[in-house]
Amino acid sequence: MGLSYEERRQKRVDENKKRLEDLNLIHLSQSLKNLSPKSSPMKKVASKPRTVEKQMVAVRRSARVASNPAPVYAEVDITRLSYSSPSKRYGLARGSVWNGVYATDEARANAIEKAEKLVSKLEHEGHPTVIRPMLPSHVSSCFWLGLPSNFCRRNLPSTDTTLTLVDEEGNECPTIYLPRKTGLSGGWRGFAIDHKLSDGDAVVFQLISPSVMKTYIIRANDQELSEED
């Protein structure tokens, strides 16, 4: 007669128990349960407040300028700056006759003073006049001559036109007047070179007709030339 289900189950349990005993797994499992967990050995370190030490250090500078004094950022009164200091940024253009010598403040002021005296004598003729002291950019490099905007608005055309410059000997030189930039462009270079204009010279422009201006040149170096002679 076959065994019942309960008898077969009990027999299988007994067989499994006997195998566990043969392998000693029951005692091993019990011993592991009896072991108490140990805390990990951690060192107790007293926490200290973090302090940041502040130091004044020199600002890092390029090796090229490290030996130079530190820059001082302060407001500068531009009225104390003098133009007589030469600047290398003005290069001579091809065909320029300017010798690269910069006029002194005294020579520049003398030329302007003479020009103002000439304008006072020309006032009786009733023609608009304006004085333009020459700068390096007027007599070399870009050869551009800007005129006072007030003078241009009152007396010169509002469209691009040709203005003829006439010197004291009657020689004529056509130039291009640009009202948007209030100055003389094309043709001025030839006039400046032909008349050997230099830094510090003063030019008086007298508008004798809507498209013709007579010019008077006062040299800044007249006094120096007379002393050399």
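**Exercise 1. Is Asp199 buried or exposed, and which residue does its side chain meet in a salt bridge?**

*Step 1.* Start with accessibility: Asp199 has a relative accessibility of 3%, so Asp199 counts as buried. Here buried means under 20% relative accessible area, exposed over 50%, and partly exposed in between, with a 1.4 Å probe and protein chains only.

*Step 2.* Before going on, keep in mind that this is a predicted model, where local features need pLDDT of at least 70, side-chain atom pairs count only at pLDDT 80 or more, and totals for chains, interfaces and linings use all residues. Residues are numbered from 1 along each chain as its sequence is written, and side-chain values use heavy atoms, with hydrogens and water left out.

*Step 3.* Now look for the partner: Asp199 and Arg108 meet through their side chains in a salt bridge, 3.1 Å from N to O. The term stands for a side-chain nitrogen of Lys or Arg within 4 Å of a carboxyl oxygen of Asp or Glu.

*Step 4.* Place both residues: Asp199 is in the loop between α6 and β6, while Arg108 is in helix α3 (residues 105-122), and the pair, 91 residues apart, links distant parts of the chain. Helices (H or I, at least four residues) and strands (E, at least two) are DSSP runs, numbered from the N terminus.

*Step 5.* Check the partner too: Arg108 counts as buried, at 11% relative accessibility.

**Exercise 2. Which salt bridges join residues about one turn of a helix apart?**

*Step 1.* By the rule above, the count comes to five salt bridges. We will take two that lie within helices.

*Step 2.* In helix α1 (residues 5-23), Arg9 and Glu6 are three residues apart, about one turn. Their closest N and O atoms are 3.5 Å apart. Arg9 is partly exposed at 40%, and Glu6 is partly exposed at 47%.

*Step 3.* In helix α3, Glu113 and Lys117 are four residues apart, again about one turn. Their salt bridge spans 3.9 Å from N to O. Glu113 is partly exposed at 39%, as is Lys117 at 49%.

**Exercise 3. Which residues form one aromatic cluster?**

*Step 1.* A pair of aromatic rings is described by the distance of the centres and the angle of the planes. Rings of Phe, Tyr and Trp (its six-membered ring) pair if their centres lie within 6.5 Å; planes under 30 degrees apart count as stacked, over 60 as edge-to-face and the rest as tilted.

*Step 2.* The structure holds two aromatic pairs. In one, Trp188 and Phe191 have ring centres 5.3 Å apart and planes at 25 degrees, so this pair is stacked. Both residues lie in helix α6 (residues 188-194), three residues apart, or about one helical turn.

*Step 3.* Trp188 also pairs with Phe205, and that pair is tilted, with 6.3 Å between centres and 45 degrees between planes. Here Trp188 in helix α6 is linked to Phe205 in strand β6, 17 residues apart.

*Step 4.* Put the pieces together: Trp188, Phe191 and Phe205 form one aromatic cluster. Relative accessible area is 0% for Trp188, for Phe191 and for Phe205, so each counts as buried.

**Exercise 4. Which side chain has a polar contact with that of Gln206?**

*Step 1.* Find the residue: Gln206 is in strand β6 (residues 202-209). At 1% relative accessibility, Gln206 is buried.

*Step 2.* Read off the partner: the side chains of Gln206 and Tyr216 are joined by a polar contact of 3.5 Å. Such a contact is a pair of N or O atoms within 3.5 Å; within protein, one must be able to donate a hydrogen and the other to accept it, and residues adjacent in sequence count only if both atoms are side-chain atoms.
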